Amino acid sequence: MLSKLRLLRPPVSSGTRLISAWECKNYSDKKNSSEKNHRRKTTPPLIEVIKPVKINYSKRTKKNYEPVNISKREIQTKYNEPLTLCPLVSKTESCNNSNPPKSSHSPETLNPVSETNNEWQNGSNNKPYFKNMSLIGGAVILAGSLYGIWNSDILKLKKDDSSIKEIKKAKKSRKLIQIPALSQSIPDNVQYLLIGGGTASFAAFRAIKSADPTARVLVISAEGYLPHMRPPLSKELWYGDDSEMAKSLNFHQWNGTTRSLFYEPDPFYTPIEELASAKNGGISLARGWKVESINVSEKKVKLNDGKEISYDKCLIATGSVPKTLKLYNDASQDVKDKFSVFRSIADFEDLMEELNHVKSIAIIGGGFLGSELAASLANKGKKNGVKIYQIFKENGNMGKVLPKYLSQWTTEKVRDEGVEVVTNTEVENCSLDNNGEKVNLVLNNGKNISVDHVIMAVGAKPNTELAADAGLEVDPNLDGYLVNAELQARTNLYVAGDCACFYDNQFGRRRVEHHDHAVISGRLAGENMAGAAKQYKHQPMFWSDIGPSVGYEAIGIVDSSLNTVGVFAKGNPKDTSLSTNKTDENTTINDTDTPAELESKNIFENNYNKGVVFYLKNDVVVGIVLWNLFNRMSIARQVLKSDRCYKDLNEVAKLFNIHGDSS
């Protein structure tokens, strides 16, 4: 197309003129001779814009004006700048022409090209022809420009699509950076060895250093990041307009303060090469390294490159790993590339980037993580027009935790955030469509959903990879390393956090996957490693925030299969302010209430703004949910610790002051 355009010589519009090759040469020579340090020759444009010259001519001047012929040598020596006007005709033509034009400044002769062109432009009979040719030339130029723009857009789209695929490919093959780069820098013998770099490990080494200020602690983490908290990854980091803050892993807490996801900055940790010689000991990190096996009898561990490290005391705090779906495990690699799990900082960074390139995401799972992510992504995706689907088999969000009526009410709040919630449904199959750009989810209700990306939030399982070679017991029902009340799995070997299956004096054998348990169990394990002999008697709590309308704290056995009694403050359903609901009336709801009884209590008019839900086992309170009520956990602990039957739970609910300030 461009080669065809070069053959066309469009007419020169008013205010421009074509420059001859001779002028180009002289202009270039002039520039090059005047600029000593100019390395590249400068060539003037082929079309030069000039300003029309306004000259007042007298009648005599007009009548007697003759075009002046100036020789090339005179032009070159007289003028320092390129000519803005050129002679009407060449020297030879001037001699042969006995009828010169009337005026060289007439509109027709301001921008002469040649004598033929002058006659073409000056002839009054040829004006329609000139206009037609101008239109044709302009149309050709316009068509060429449009084609160039269209072609460049296509190439840009292909380039963008290719770059997106390259980014995704790079994410899938993300290489973990090891710090230090070589295992020779890691000490051969350490006093305290902590396997895992999460919250439990952080709490443990803080406790160890408090009890033993000169302790030398080595933390080996398979992740390439500093010890950090996980809850904000699905909640706080997705809210707010400052995307750069989120990318730097800083966030605003609900109380308005700003903090980092990392517990301590890098300078807090002792360089690993200096750990053995540090006068006051220290805490060092080996990031990106993985412990492959433990020899319990010899008190040694082996790294993934074969290096062995001896220890005096060791803690296993390897946490848990996300579960995946069977349909994902059986799928081809192209389909798997459309799926992801969500647990680590790398998962957060990948999903944050993914949100900029997709228009639809499906989240499979209706528990804590799935519900929090659905609300968070819907809030974040509003600006980009990203559609969020949430698919799960329960009747409502967190259906395994909340009583049915509260779960369904929560689902409506999630829908208010812009999430398309699909309840009582499972994904049976999946395949690629639209030339592999989308993944088609086949549901068991006969419908299909086509999305750009799928997140599996279907629970987690404890990371017990080290159990088999080490000869450690794993609970057959709850999973997790079996430990005693002091969190010991073997002599000098402790377990804390998600992967510990501990004995609860009140509720029996348990395994908990929540932040509070990781903090307290890690702290207790660290104290016991430093010489204490404390039992784990703490009753762990947890919390969840689902958008701006739902926030709760819970403690004990919180299971929707148990009998529940909920006491909620009545209020105006249109009043979204939790702290202004001052009425003394309560609504008491039992999970055994029939639909007629629920309707008689006007539960659909009640917004469940604030309240408390009691979970009962043999009429004894074994769990409590504080619904949009905060800073009352100490009261809940006292109620659970009493381990008794209550005749009137309305009276117990008064202890929580559900009509007061919720904060």
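I take two strands to be paired if DSSP finds at least two bridges between them. With that settled, I note that the model is predicted, and I begin with the strands around β9.

**Entry 1: β8, β9 and β10**

I looked up strand β8 (residues 291–295) and found that β8 pairs with β9 in the antiparallel sense over 4 bridges. Within this pairing, Ser293 stands opposite Lys302 of β9. The two strands form a hairpin with 4 residues between them. I checked the turn and found a positive phi of about 55 degrees at Lys299.

I then followed β9 onward. β9 and β10 also pair in the antiparallel sense, over 3 bridges, and Val301 has Ile309 of β10 as its bridge partner. Here too the strands form a hairpin with 4 residues between them, and Gly306 in the turn takes a positive phi of about 95 degrees.

Which side chains of β9 (residues 300–303) are buried? I recorded Val301 and Leu303, which point to one face and are buried, whereas Lys300 and Lys302 point to the other face and are not. In a regular strand the side chains alternate between the two faces of the sheet.

**Entry 2: helix α8 and its surroundings**

I turned next to helix α8, which spans residues 199–211 and has 13 residues. From first C-alpha to last, α8 reaches 19 Å, close to the 18 Å expected at 1.5 Å a residue. I listed its buried residues: Thr199, Ala200, Ser201, Phe202, Ala203, Ala204, Phe205, Ala207 and Ile208. These residues pack against β3 (189–195), β4 (216–221), β7 (282–287), β10 (308–316) and α16 (515–529). The β10 of the second hairpin is thus among the packing partners of α8.

**Entry 3: helix α16**

Since α16 is one of the partners of α8, I examined α16 separately. It has 15 residues and reaches 21 Å from its first C-alpha to its last, close to the 21 Å expected at 1.5 Å a residue. I found α16 mostly covered, with 11 of its 15 residues buried. Among the buried residues are His517, Ile520, Leu524, Asn528 and Met529; Gly522 and Gly526 are also buried. Just after the helix, Gly531 takes a positive phi of about 125 degrees.

**Entry 4: the parallel sheet**

I traced an open sheet of 5 strands in the order β12-β19-β13-β14-β15, with parallel pairing. Which strands stand at the edges? They are β12 (339–341) and β15 (419–422); each has a single partner strand, so one side of each is left without a neighbour in the sheet. Neighbouring strands of this sheet are turned by 25 degrees against each other on average, direction ignored.

At the β12 edge, I counted 3 bridges to the parallel strand β19 (residues 453–456). One residue match I noted is Val341, whose bridge partner in β19 is Met456. Toward the other edge, helix α14 (residues 404–416) lies across β14 (387–391) and β15, running at about 145 degrees to β15.

**Entry 5: aromatic pairs**

I looked up the ring pairs and obtained a count of 16 aromatic pairs. Trp238 and Phe348 form one of edge-to-face type, at 5.1 Å centre to centre with 70 degrees between the planes. This pair links distant parts of the chain: Trp238 lies in the loop between β4 and α9 (243–247), and Phe348 lies in helix α12 (residues 345–354), 110 residues apart. Both Trp238 and Phe348 are buried.

Why do I enter Trp409 and Tyr608 as edge-to-face? Their ring centres are 5.7 Å apart and their planes stand at 90 degrees, so the pair is edge-to-face; the cut-off for that class is over 60 degrees. Trp409 belongs to helix α14, and Tyr608 to the loop between α17 (595–600) and β30 (611–617), 199 residues apart. Both Trp409 and Tyr608 are buried. I also found the two in one aromatic cluster with Tyr405, Tyr552, Phe568 and Trp627.

**Entry 6: the chain as a whole**

I closed with totals. The protein chain has 19 helices and 31 strands, and 43% of its 663 residues count as buried. Among contacts between residues at least 6 apart in sequence, 66% join residues at least 24 apart. The chain exposes about 35800 Å², of which carbon and sulfur atoms supply 50%.

Notes
Residues numbered from 1 in each chain as written. Predicted model: local features only at pLDDT ≥ 70, side-chain atom pairs only at ≥ 80, totals over all residues. Heavy atoms only, no water. Expected span 1.5 Å × (residues − 1). Buried < 20%, exposed > 50% of the residue type's maximum accessible area, 1.4 Å probe, protein only. Contact = heavy atoms within 4.5 Å. Areas by Shrake-Rupley, 256 points an atom, 1.4 Å probe, with all protein chains shown as cover. Axes fitted to C-alpha atoms, helices over the stretch in contact; angles between N-to-C directions. Phe/Tyr/Trp six-rings, centres within 6.5 Å; stacked < 30°, edge-to-face > 60°.
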